[in-house]
Amino acid sequence: MADSKAEQAGPSNQQKGQQDVPTPGQQGDGAAGGEAKPTVILVIGMAGSGKTTLIQRLHSHLHTQRRPPYIINMDPAVTHVPYNANIDIRDTVIYKQVMKQYNLGPNGGILTSCNLFATRFDQVMHLLEKKRDPPLQHVILDTPGQIEIFTWSASGQIVTELLASSFPTVVAYVVDTPRCVNPQTFMSNMLQACSILYKAKLPLLLVFNKCDVTRHEFALEWMADFEAYHAALDRDTTYAATLSRSLSLVLDEFYQNLQSVGVSAVTGEGMDDFFQAVAKGASEYEQFYVPEMEARRKEKVDLEARRRKREMDKLSKDMQATSISQGGASRAAASPGAAASAASTSRGSQGPAPQTQVMVQGEDDEGECDYELSDESVEESENDEDHEAK
Ligand SMILES: Nc1nc2c(ncn2[C@@H]2O[C@H](COP(=O)(O)OP(=O)(O)OP(=O)(O)O)[C@@H](O)[C@H]2O)c(=O)[nH]1
Ligand SMILES: [Mg+2]
C-alpha cells in the first residue's frame, strides 16, 4: 500500500518536521518540564470532500507511528464511522429521535443534536485535559458535511472556542480537488475557506484531498498567480466568471498567508506534509492567535467592567433620589403642613419611588436537556491499540 511506503519513510521526516517547527508545548511549558499540550485539528469541509476518510487515514498513520490520536466524531447523522472514535456524538444524542421529538427536518435535527452535545462539551474538555502516558499529541474532530451547521452555529462556536482556549488549534479545510478543476467551484471553495478563517480566527490549512484522482498543482498555480486563474476562466463573459475574476484579485492577499497541502485519503499520500503543516499552524497559533485571543478576552472584561460601573452609578443615583424623597417625607411628617408638598414635589420630579424587588428570570429548568455523556460514549485511547492500521 502506498501509505505503508510513506510511513516507512515517515517517522524520520515527521521528526525532522517537528524539530524544524516546534509544537507549542515543546516551546513553552514542555521545556520547563510540564506536559506538552496536544494539537487540535478541526476537520471541516464541504459534503463529500473526504473528511471522514481523511481522518481514518490520519488515524492509521499516527497509529503506525505509535502516536495514537484522540478522535471526536461530531457528525450525528453519519451511519458508519470507519475509525475508532474516542468520543462519538451518536452515543450521546440520537439524531433520529431528536428529529422526531422536536419535529425537525434532517438539517434541523443535526443542528439541534450538535447544540445538545455542545451543552456537555465541558465533560469532553475534562477528558482531554486528563494526564496520559504517553501524552496525547493530536486531537482530531470530525464535523458534519453540512458545513454551516458547524461553522455558523452556536454549537460550532462553543466547541471551537472551548478547544482553542485550552489547546493549540488548527482548522484543516478539506477540498475536493477533482471538483475544483472548475474555476468557479474552486472560487466557491476558497470563499468558504475565507469565511471560516474569519469566523474561527484560527490558523487554517487548505487540504487538497483526492490527489490520487486529480493532482492539486493547478490550484496552487491559481492561488499563486491570478493571471493563470483568469486564463482558466478563458473568455467566459458571464456575470459569475467576471465576479470570480474580481474575487481572485481580492483573495490574493488571503492566499499569501495560507498553508496548503495535497493529500490522498485513499492512498495515504501527503501525510507527512500534512503533519508538518499542522505543526507550523500550531506554532502560528502560539505566536499570533494566543495574543489576539488574550486581547479579545481583555476587551470583553473591560467592556463588562464599564457596563457594571454604569449600572452601579445609575443605581446609586436612584438610591440618592429615593433617600432624598424619603427624607423630605419624614421631615414633612414631623411638620404636617409640608408633607403634601414634599411628596408631590418628589413624585413630580422623579415619578414613583423605584421598587427594590429583584426579578429573577430564566430560573425555569423546563428547557434544560438531560443528555449526559455516558461512559460508553467515551472510549479511552488505551483501547485504540486494538484498532491499529492494517
Ligand atoms: N479517490 C478518492 N476518493 C476519496 C478520497 N477521500 C474520500 N474519498 C471518497 O469520497 C467519498 C466521500 O468521502 P467521506 O469521507 O465520506 O466524505 P465526508 O466529507 O466525510 O462526507 P460527509 O461527512 O457526508 O460530508 C467516499 O466515497 C470516499 O471513498 C481520496 O483521497 N481519493
Ligand atoms: Mg463525514
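## A tour that starts at a pocket

Select Leu197, Tyr198, Leu202, Asn257 and Tyr289: of the 16 residues that line the second largest pocket, these lie nearest its centre. Keep in mind that you are looking at a predicted model.

Now show the helices around that spot. Three elements, α10, α14 (252-256) and α15, each give two or more residues to the lining of the second largest pocket. Colour α15 separately, since α15 supplies the largest share of this lining, four residues. Which kinds of residue line the second largest pocket: nonpolar, polar or charged? Ten are nonpolar, two are polar and four are charged. The space in this pocket comes to about 400 Å³.

**Next stop: the largest pocket**

Move on to the largest pocket, with a volume of about 560 Å³. Its lining has 19 residues, and Gln157, Glu161, Ala200, Met293 and Arg296 are the closest to its centre. Select these five to find the place.

Which elements each supply at least two residues of this lining? They are α8 (147-151), α9 (154-166), α10 (183-200) and α15 (271-334). Highlight α9, because that helix gives the most to the lining of the largest pocket: six residues. Colour the lining by type, and you will find eight nonpolar, five polar and six charged residues.

How can a program find such spaces? Rolling a probe the size of a water molecule over the atoms shows where empty space is left.

**Next stop: helix α3**

Select residues 51-64, which form helix α3. Put a distance label between the C-alpha atoms at its two ends: they are 20 Å apart. Why does that fit? At 1.5 Å a residue, the 14 residues of α3 should span 20 Å, so the two values agree.

Is α3 mostly enclosed or open? Ten of its 14 residues are buried, so α3 is largely enclosed by the rest of the structure. Click through the buried ones: Lys51, Leu54, Ile55, Arg57, Leu58, His59, Ser60, His61, Leu62 and His63. As you look along any α-helix, remember the turn. An α-helix has 3.6 residues a turn, so residues three or four places apart point the same way.

Then step past the helix to Arg66. This residue follows α3, and its phi is positive, near 55 degrees.

**Next stop: Thr39**

Select Thr39 in strand β1 (residues 39-45). Is Thr39 buried or exposed? Its relative accessibility is 4%, so Thr39 counts as buried; the cut-off is under 20%. Show its neighbours. Leaving out residues up to four places away in sequence, Thr39 touches Gln137, His138, Val139, Pro168, Val170, Val278 and Ala282.

**Next stop: Val250**

Go to Val250 in helix α13 (residues 239-250). Is Val250 buried or exposed? Val250 has 60% relative accessibility, so it counts as exposed; here the cut-off is over 50%. Now add Phe226. The two residues are 24 apart in sequence, and their C-alpha atoms are 9.9 Å apart in space.

**Last stop: the whole chain**

Zoom out and show the cartoon. The protein chain has 16 helices and seven strands. Buried residues make up 44% of its 390 residues. Turn on the surface: the chain exposes about 21,100 Å², and carbon and sulfur atoms supply 53% of that area.

Finally, think about contacts along the chain. Among contacts with a separation of 6 or more, 77% join residues 24 or more positions apart.

Conventions
Residues are numbered from 1 along each chain as its sequence is written. Chains are lettered from A and ligands numbered from 1 in the order in which they are written. This is a predicted model: local features need pLDDT of at least 70, side-chain atom pairs count only at pLDDT 80 or more; totals for chains, interfaces and linings use all residues. Side-chain values use heavy atoms; hydrogens and water are left out. Buried means under 20% relative accessible area, exposed over 50%, partly exposed in between (1.4 Å probe, protein chains only). Contact means heavy atoms within 4.5 Å. Accessible areas come from the Shrake-Rupley method with a 1.4 Å probe; for residues, only the protein chains shown count as cover. On a 1 Å grid over the protein atoms alone, a cavity is a set of points where a 1.4 Å probe fits but cannot get out, and a pocket is an open set with protein on both sides within 12 Å along at least five of seven lines; lining residues have an atom within 4 Å of a point. Grid points are joined across faces, edges and corners, and a volume is the space filled by probe spheres set on the points. Ala, Val, Leu, Ile, Met, Phe, Trp, Tyr, Cys and Pro count as nonpolar, Asp, Glu, Lys and Arg as charged, and the others, Gly among them, as polar. The expected span of a helix is 1.5 Å times one less than its number of residues.
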